[in-house]
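Please open the model in your viewer and keep the sequence panel beside it. The tour below goes from one selection to the next and says what is there at each stop.

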Amino acid sequence: MQYNYIANASVSSSSGRSIPVIDPSDGQPFDELQRSNAQDIDTAVQAAQQCFSTVWSRLTGAERGRLLMRLSHKITECADELATLEQRDCGKPTKQARADAVALARYFEFYAGACDKLHGETLPYLDGYSVFTWREPHGVTGHIIPWNYPMQIFGRSVGGALAAGNVCVVKPSEDACLSLIRVAQLAAEVGFPAGAINIVTGLGHEVGDALARHAGIAHISFTGSPAVGTLIAQAAALRHCPVTLELGGKSPQIVFADADLDAVVPAVVNAIVQNAGQTCSAGSRLLIDDLIYKPLLERLGEVFENLRVGPAAMDMDLGPLIRQTQQQRVWDFLSDAQVAGIPMVAQGRVVDGAPEGGYYQAPVLLRDVPPDHRLAQEEVFGPVLCAFPFKSEDHAVHLANSTRFGLVAGLWTRDGSRQLRLAKRLQCGQVFVNNYGAGGGVELPFGGVKSSGYGREKGLEALLGFTTLKTVAVKHG
Ligand code: NAD
């Protein structure tokens, strides 16, 4: 049985209810979580408030930084344990789960170094005045986390909030809690004060909603679907609580005829098969210059046919999807494609012997997808890549910008002027030129425009969102 972690102690929910933890590789339950309620959120917020006012707000930046660095080292020491927990919980292949644990350590390392470097400015003003600003923490921040990258999203969100001087109440996804409960325990082991990091598990519409509505939460960082993002923003608006929304994407990769196709092919494949396509920044739309449409699709088709899906522990190219409803969602999209007569270029294969009950989906490459079809417009959140031909630069930009999302874009061309011209015209939060994702750099501010959300996480930019600015004007005659 897993417990909430509040004020450095494992505690049961006051509801007395639990939720099963399912292994996506075989569909079988193997553990249980607390099905918490509003009362548990209130307990966690009170513990956090107590920590903030009596301990955390009195630490210097350097002292906070040392704690974050100790946690980073501890995570590195326990990376295998954390990766194993996340692998079973979320169906991640070994390489992916390990990489996520390493990224988590890196977030705490990065933000450890930032704790004592946050400062305001002095401002020139009228004669006889000295004016300056202070960057102050919000106090207790709430973090609602999805299931696709629990460790990474916890690292970027909670790491940044703590560095800026806040304390945290975290609501992980009901499908992905195990690693985060363990990280909170590790934080206590390395000396984090009781109440600095609190984890409350449960269902979104129960405990997530209670967190979003709690008057003691002074900032909400939400990562998840656009639909739930709207609910969070509405709940927060009722009490004028600031929110960062990291929502979905339908990100384009744009390949011009002058691109280095040897670099394009593996990057395009990785951008859609990583985490079985369950990545907000998945490169799920492939826009190809008409001149190379056929040959590039042929090359990609060969790679897709050789991709293998299997149980997480087999460490294949892809693991299972997170849960049965997600598998059904992908099947629904694919059956719509069939009805619309959208041609399939190639698909991978589920390995022999994969357990019957696992949520497997072979990666699929589709071509000539009508730009207004829901496959071209909506986030599948599975390993489905849709290809479209374009005839000109303007046509490529038009297609790229023609969804409600704007998270990330990939641009493949050797033409330097075109690189900058298009980077300016693409509506999104990050543009990658001749690469996709830049290795996930924790230093690089991340977030979207349009329905991909607002606010930024990652990098030093995130610290601005996790603080509020106070202006002090002193008249000294
Ligand atoms: P989701 O929106 O269903 O759930 C996200 C979190 O919100 C979970 O913890 C869930 O329990 C909680 N929640 C659900 N209903 C709630 C409610 N009514 N009130 C409060 N909380 C509630 O998303 P998901 O299925 O877990 O994750 C997939 C989505 O997340 C995709 O759309 C993906 O693109 C997005 N995502 C975005 C980013 C990004 O940085 N932009 C990163 C990862 C995932």
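Begin by selecting the buried residues of H7, which pack against helix H1 (38-54), strand S7 (140-144), S8, S10 and H8. The residues of H7 that count as buried are Val207, Gly208, Ala210, Leu211 and Ala212. Bear in mind throughout that this is a predicted model.

From H7, move to one of its packing partners, strand S8 (residues 167-171), and pick out Val170, which has its place there. Is Val170 buried or exposed? Val170 counts as buried because its relative accessibility is 0%. If you display its contacts and leave out residues up to four places away in sequence, you will find that Val170 touches His143, Ile145, Phe154, Val158, Asn198, Ile199 and Val200. It is also worth drawing a distance from Val170 to Tyr5, since these two residues are 165 residues apart along the chain, while their C-alpha atoms are separated by 9.7 Å.

Next, select the ligand together with the residues around it. The ligand is surrounded by 31 residues, and the closest are Arg156, Glu174, Ser225, Leu247 and Glu379. By residue class, this shell divides into 16 nonpolar, nine polar and six charged residues.

Three atom pairs can then be shown one after another. In the side chain of Glu379, an N or O atom is 2.5 Å from an oxygen atom of the ligand. At Ile145, which was also among the contacts of Val170, the atom to look for is a backbone N or O atom, and it lies 2.8 Å from an oxygen atom of the ligand. At Gly204, a polar backbone atom is 3.4 Å from a nitrogen atom of the ligand. The ligand on its own has 850 Å² of accessible area, and the protein covers 91% of this. Colouring by secondary structure shows which elements give two or more residues to the shell: helix H5 (150-163), helix H7 (204-213), strand S10 (219-223) and helix H8 (226-237).

Now colour the chain by domain, using domain 1 (4-247) and domain 2 (252-441) as the domain assignment gives them. How many residues does each domain bring to the contact between them? Domain 1 gives 20 residues and domain 2 gives 26 residues, and the C-alpha centres of the two domains lie 31 Å apart. With this colouring on, return briefly to the ligand, whose shell draws at least three residues from each of the two domains.

The following stop is Ser251, in the loop between strand S11 (243-246) and strand S12 (252-255). Ser251 counts as buried because its relative accessibility is 1%. Apart from its neighbours within four places in sequence, Ser251 is in contact with Ser281, Ala282, Gly283, Ser284, Arg285, Leu407, Val408 and Tyr436.

For the last stop, select Val190, which lies in the loop between helix H6 (178-189) and strand S9 (197-199). The relative accessible area of Val190 is 12%, so this residue is buried, the cut-off being under 20%. Setting aside its neighbours within four places in sequence, the residues in contact with Val190 are Leu67, Arg70, Leu71 and Lys74. A distance drawn from Val190 to Met69 completes the view, because these residues are 121 residues apart along the chain and yet their C-alpha atoms are separated by 9.7 Å.

Notes:
Residues are numbered from 1 along each chain as its sequence is written. This is a predicted model: local features need pLDDT of at least 70, side-chain atom pairs count only at pLDDT 80 or more; totals for chains, interfaces and linings use all residues. Side-chain values use heavy atoms; hydrogens and water are left out. A residue is near a molecule or strand if one of its heavy atoms lies within 4 Å of it. A polar contact is a pair of N or O atoms within 3.5 Å; within protein, one must be able to donate a hydrogen and the other to accept it, and residues adjacent in sequence count only if both atoms are side-chain atoms. Accessible areas come from the Shrake-Rupley method with a 1.4 Å probe; for residues, only the protein chains shown count as cover. Helices (H or I, at least four residues) and strands (E, at least two) are DSSP runs, numbered from the N terminus. Ala, Val, Leu, Ile, Met, Phe, Trp, Tyr, Cys and Pro count as nonpolar, Asp, Glu, Lys and Arg as charged, and the others, Gly among them, as polar. Domain bounds come from an automatic or database domain assignment. Buried means under 20% relative accessible area, exposed over 50%, partly exposed in between (1.4 Å probe, protein chains only). Contact means heavy atoms within 4.5 Å.
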